[in-house]
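Open the model in your viewer and set the display to cartoon, with a separate colour for each chain. The stops below are in the order in which they are best selected.

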Amino acid sequence: MRKFGIENLNIWFGKVQALKGVSLAIEANEILSIIGPSNSGKTTFLRMLHRLNELEQNFRMSGSVLMDALDVRSVDLELLRKKIGIIFALPLPLPLSIFDNVSFGPRMHGIRARKRLTDIAEQSLKQAYIWDEVKDRLHESAFKLSGGQQQRLCIARTLATGPEVILFDEPCSGLDPVSTARVEETMLELKKDYTIVLVTNNVKQAARVGDRTAFFLSGELVELDTTDKIFTAPSNKRTDDYIRGKFG
Amino acid sequence: MRKFKEFIIEKLILICGSASIFFVALIFVFLLKEGLSLFKTVRLGAFLFGKSWYPISEPAELGILPLILGSLLVTAGAAVISVPIGVGCAVYIAEIAPGKVKEVLKGGIELLAAIPSVVLGFIGMVTLVPWVKNIFHLPTGLTALSGSIMLAFMAMPTIVSIAEDALYSVPRSYKEGAFALGATHWQTIWRVLLPAASSGILAAVMLGIGRVIGETMAVMMITGNSAVIPHTILAPVRTLTATVAAEMGEAVVGSEHYFALFAVGIVLFVISFAINVTADLFLHRERR
């Protein structure tokens with residue numbers, strides 16, 4: 001089933017064109033990895049799905065982004081962001097307790113009952129594989145957690161809003177290998193219920209978790225194929241060069 | 001030769017640096033010396049809590065309670081008016097206003113800070129005072145309320161600019177994080193940005209209040225200058241500052257009255273010092 005359809009997407013920030021005529025489809029319940037060097041437009045692409053680019057003052061776009069066959073720009077912004085969760089490169093808890101971080105989203109969407117919030121929090125923390133580490137300290141500040149724990153907390157708080165899609169924006173760039181492995185396991189587990197888009201600078205990570213992999217370069221989509229194909233026999237020479245580490 | 005030049009310059013800068021501290025210390029010592037002389041003849045309790053201020057009657061009554069209450073009433077009134085408006089304005093400037101409007105507003109606020117207090121005082125006198133008189137059917141419009149309203153204008157620039165700084169320095173990630181979880185703009189402001197900036201905003205409020213309590217000219221012109229204990233905000237009052245300003249010229253040097261005015265100065269100093277220290281504590285309070 002098709003989750004997203006992107007047609008001829010162009011994005012400018014002022015005079016700089018960040019994305020050039022990108023068209024691709026994202027299937028439900030797949031992990032789509034997006035790789036490419038810095039400034040290739042992969043993060044811009046991800047933030048487009050979530051409409052975070054609109055926070056920039058000189059943002060312009062053309063083309064269309066459809067989610068479940070609806071233009072994301074016509075959907076109510078808060079509803080869109082409830083359906084699509086995003087995990088940023090740096091784990092960024094809000095300056096609240098662990099529990100309040102996880103229940104923030106549901107609260108903002110109008111859930112008030114304490115019992116329900118507690119249930120959602122517990123379930124989300126379990127899904128993000130962090131429950132055992134935090135269950136006895138839910139009311140401590142989220143800043144007391146380690147970097148890897150904070151990132152999993154951010155995943156939990158995203159799950160708590162009940163999304164259909166989760167976007168990961170270089171989620172492991174600030175984490176050590178052990179924490180990275182745990183986040184990757186979490187992603188593979190989440191795939192059953194969610195559609196995942198993963199932007200990563202780490203080519204090996206894309207190879208480990210992605211069902212399909214897209215390669216972006218200078219704002220263009222160079223190649224999109226199954227991860228196996230991209231990493232063994234890419235059809236474009238630039239993809240091959242990037243994966244082999246010849247540039248980027 | 002170059003070494004010598006360095007030496008001279010270093011010492012000169014040292015003198016400049018120490019000068020400000022030296023002058024503060026000098027002022028403080030002088031204030032204490034003159035003010036404390038009062039307590040050779042008047043008890044501290046009678047001075048602070050005495051209910052009447054008749055410095056030139058025989059014998060003089062030097063109780064500053066009416067003056068303290070006058071100052072507090074005007075300040076509290078000004079805070080009630082200026083804090084919500086000031087913080088609201090800061091939120092608007094920091095979060096909502098588009099680029100152009102923001103520049104205009106910030107410029108306007110700075111301009112407000114540049115108006116001399118005597119000008120605010122006489123504008124209040126000719127416009128606000130008659131207005132207060134007519135609306136509340138009072139015998140005079142020179143009341144604590146009029147003073148509060150004018151002083152609110154003076155506190156506003158301080159509150160707005162410092163609160164706006166505090167909001168601006170909240171990490172952008174908090175905002176994106178809240179948006180990413182589907183919070184609306186207002187939910188983000190109310191639940192995330194304001195709490196994160198709370199210590200800076202409290203500091204802004206304290207500094208605004210500090211500005212108000214030390215203000216003299218405008219309050220002297222429009223609060224009615226009557227040194228009696230006020231029972232409502234619609235009564236004329238006299239503040240600590242206005243008392244010193246109005247009477248210092250007439251007090252005989254070395255008289256009880258003269259020393260009492262210095263003692264009022266000490267009280268004012270203690271109040272502003274306490275407010276500034278509180279503001280400082282808020283500003284430097286470490287995040288949990």
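The tour goes through one chain, then the contact between chains, then the other chain. Keep in mind that this is a predicted model.

**Stop 1: chain A as a whole**

Select chain A. Its secondary structure comes to ten helices and ten strands. The radius of gyration is 18 Å, close to the 18 Å that the globule rule gives for 248 residues, so chain A is as compact as a globular protein of that length. Measured out along the principal axes, the C-alpha trace of this chain spans about 55 × 40 × 35 Å. Of the 248 residues in chain A, 45% are buried. For contacts in chain A with a separation of 6 or more, 68% are between residues 24 or more positions apart.

**Stop 2: a sheet in chain A**

Now select strands 1, 2, 4 and 5 of chain A, which form an open sheet of four strands. In what order do the strands of this sheet run? The order is 2-1-4-5, and the pairing is antiparallel. At the edges are strand 2 (16-27) and strand 5 (70-71) of chain A, each of which pairs on one side only.

Zoom in on strand 1 (residues 2-13) and strand 2 of chain A. These two strands pair in the antiparallel sense over eight bridges. To look at a single pair of bridge partners, show A:Gly5 together with A:Ala25, its partner in strand 2 of chain A. Strands of a sheet pair through backbone hydrogen bonds, either parallel or antiparallel.

**Stop 3: where chain A meets chain B**

Show both chains and select the residues in contact between them. Chain A supplies 19 residues to the contact and chain B supplies 17. On the side of chain A that touches chain B, the elements that give two or more residues are helix 2 (77-83), strand 6 (84-87), helix 3 (98-108) and helix 6 (147-160) of chain A. Colour that side by residue class: there are seven nonpolar, eight polar and four charged residues.

**Stop 4: chain B as a whole**

Hide chain A and select chain B. This chain has twelve helices and two strands. Followed from the N terminus, chain B begins with two helices, continues with the two strands, and then runs on in helices. Its C-alpha atoms fill a box of roughly 75 × 75 × 35 Å along the principal axes. Of its 288 residues, 39% count as buried. Among contacts in chain B between residues at least 6 apart in sequence, 73% join residues at least 24 apart.

**Stop 5: the two domains of chain B**

Colour residues 2-40 of chain B as domain 1 and residues 44-287 as domain 2. The centres of these domains, taken over C-alpha atoms, are separated by 30 Å. How many residues of domain 1 of chain B are in contact with domain 2 of chain B? Seven residues of domain 1 are in contact with ten residues of domain 2. The domain 1 side of this contact has four nonpolar, two polar and one charged residues.

**Stop 6: helix 5 of chain B**

Finally, select residues 117-136 of chain B, which are helix 5. Where does helix 5 bend? The bend is at B:Met125 and comes to about 45°. Show the side chains of B:Leu120, B:Val129 and B:Val132, which are among the buried residues of helix 5. B:Gly121 and B:Gly124 are buried as well. Add helix 6 (144-168) and helix 10 (217-222) of chain B to the view, since both are included in what covers these buried residues. Just after helix 5 of chain B, stop at B:His137, which takes a positive phi of about 50°.

How values were computed
Residues numbered from 1 in each chain as written. Chains lettered and ligands numbered in written order. Predicted model: local features only at pLDDT ≥ 70, side-chain atom pairs only at ≥ 80, totals over all residues. Buried ≥ 20, exposed ≤ 12 C-beta atoms within 10 Å, placed from the backbone. Contact = placed C-beta atoms within 7 Å. Bend = angle between axes of the 7 residues up to and from the residue. Nonpolar A, V, L, I, M, F, W, Y, C, P; charged D, E, K, R; others polar. Rg over C-alpha atoms; globule rule 2.2 N^0.38 Å. Domains from an automatic or database assignment. Pairing = 2+ DSSP bridges.
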